[in-house]
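Got your viewer open and ready? Let's take a short walk through this model, one selection at a time.

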Amino acid sequence: MSKSGNPGNIDRKNSHLQICLDEQVEFVSGDANGFASYRFDHDALPEMNKAEISLETTLFGKKLAAPIFVGAMTGGTDRAGEINRRLALAASTCRVGFALGSQRKMLEKPELRASYAVREHAPSLPLLIGNIGAVQLNYGVGLPELKRLISEVGCDAFNFHLNPLQEAIQPEGDTNFADLIAKLTKVIPQLGVPVLLKEVGSGISETTARKLGALGLAGIETAGSGGTSWSKIESLRTSNAIQRTTGELFARWGVPTAESVVLCRKHLPGLVVIASGGMRNGIEAAKAIALGADAVAFALPLLKAAEVSVEAAVEAINQVLEELRTAMFVTGARNLAELRQKPLRRLPDFTAMGHSQ
């Protein structure tokens, strides 16, 4: 049992936070997210000034200083609200995107809105993405509730997350995933903001990507395997021995992030693709972009930094930006468009193998 305690005595959101901070919930050995299997060509004569490299990009009509997001993590408790406040301030300072954790709690308890209303603390946040589980369309959430979630926090775009594995292991999981394509097809055009679908750690596979083209989506977020495992997290929360063992068995289930990026770009060529799932440094971010991603989301490393302070979260984001900028410099890419043209070879990356993530 996790040292986070009995899930019956601790709010689920706080339990999730504590387990992520205390337990080993990610896989750091081997090529978990798939990126160590790729290597850039090093350019020893880049013919450029590093100071002139631009990381700027525009997503959903919003200009960002870099193609980086604070990934969806939390909300719905006082502690989660403080984490969100710190992360939003860091994202605003660095002028990168910010994605909220599931806003379902706002519907259950409207007084918890404050833990998601990050623009009240960071009004210059350039891009804010809201979030709820797609499965909630089968549990009473409809268009009025979705519009409320968007309007009450001022979202620029909105995520529906897909998490069948997590719900299957979660002690209180919602597992009726029937007829969601029809329901998503109906509500997406009526929300008034760009809509994305995202996984939560098992990745968007080719099977899933083929289903999404006709939904009217603006984007997709991979959230592939190789990082935080929500199957593992839920196995640590449950007191049911069968669920716990099942969660442990499925802890590495899914599509590695690098593979998911390639599949999403192939099958959803017109959509924004955000790479997430075990993203841990700027070299991996550069590879994701070269494989077809438009942006990259980081979660657990920024959660751990925000637990310390806003300044620590800013430093963690700036570290990724410097690593991305350096990867572009030594591949001869002046901007993101040029980075997307740089070849990646299916060869082992010894930098990744030597780096303690």
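In which loop is Arg95 found? Select Arg95 and look to either side of it: this residue sits in the loop between helix H2 (78–94) and strand S5 (97–99). Keep in mind as you go that this is a predicted model.

Stay on Arg95 for a moment and check its backbone. Its phi is positive, at about 60°, although Arg95 is not a glycine. Now switch on the surface: Arg95 has a relative accessible area of 40%, so it counts as partly exposed.

Next, jump to Ala223. You'll land in the loop between strand S9 (219–221) and H8. Here's another positive phi in a residue other than glycine, this time near 40°. Is Ala223 buried or exposed? Its relative accessibility is 5%, so Ala223 counts as buried.

From that loop, carry on to helix H8 (residues 230–237), and select helix H9 (residues 241–249) along with it. The two pack with their axes 8 Å apart, at an angle of about 160°. Angles over 145 degrees count as roughly antiparallel, and H8 and H9 are therefore roughly antiparallel to each other. Turn the view until one helix lies in front of the other: the crossing of H8 and H9 is left-handed.

Last stop: show the side chains where these helices touch. On the H8 side, pick Ser231, Lys232 and Ser235; they meet Arg244, Thr246, Gly247 and Glu248 in H9. What kinds of residues make up this contact of H8 with H9? Colour them by type and you'll get four polar, three charged and no nonpolar ones.

Definitions and conventions. Residues are numbered from 1 along each chain as its sequence is written. This is a predicted model: local features need pLDDT of at least 70, side-chain atom pairs count only at pLDDT 80 or more; totals for chains, interfaces and linings use all residues. Side-chain values use heavy atoms; hydrogens and water are left out. Axes are lines fitted to C-alpha atoms, for helices over the stretch in contact, and angles run from 0 to 180 degrees between N-to-C directions. Helices (H or I, at least four residues) and strands (E, at least two) are DSSP runs, numbered from the N terminus. Angles under 35 degrees count as roughly parallel, over 145 as roughly antiparallel, 65 to 115 as roughly perpendicular and the rest as oblique. A crossing is left-handed if the near helix is turned anticlockwise from the far one by less than a right angle, and right-handed if clockwise. Contact means heavy atoms within 4.5 Å. Ala, Val, Leu, Ile, Met, Phe, Trp, Tyr, Cys and Pro count as nonpolar, Asp, Glu, Lys and Arg as charged, and the others, Gly among them, as polar. Buried means under 20% relative accessible area, exposed over 50%, partly exposed in between (1.4 Å probe, protein chains only).
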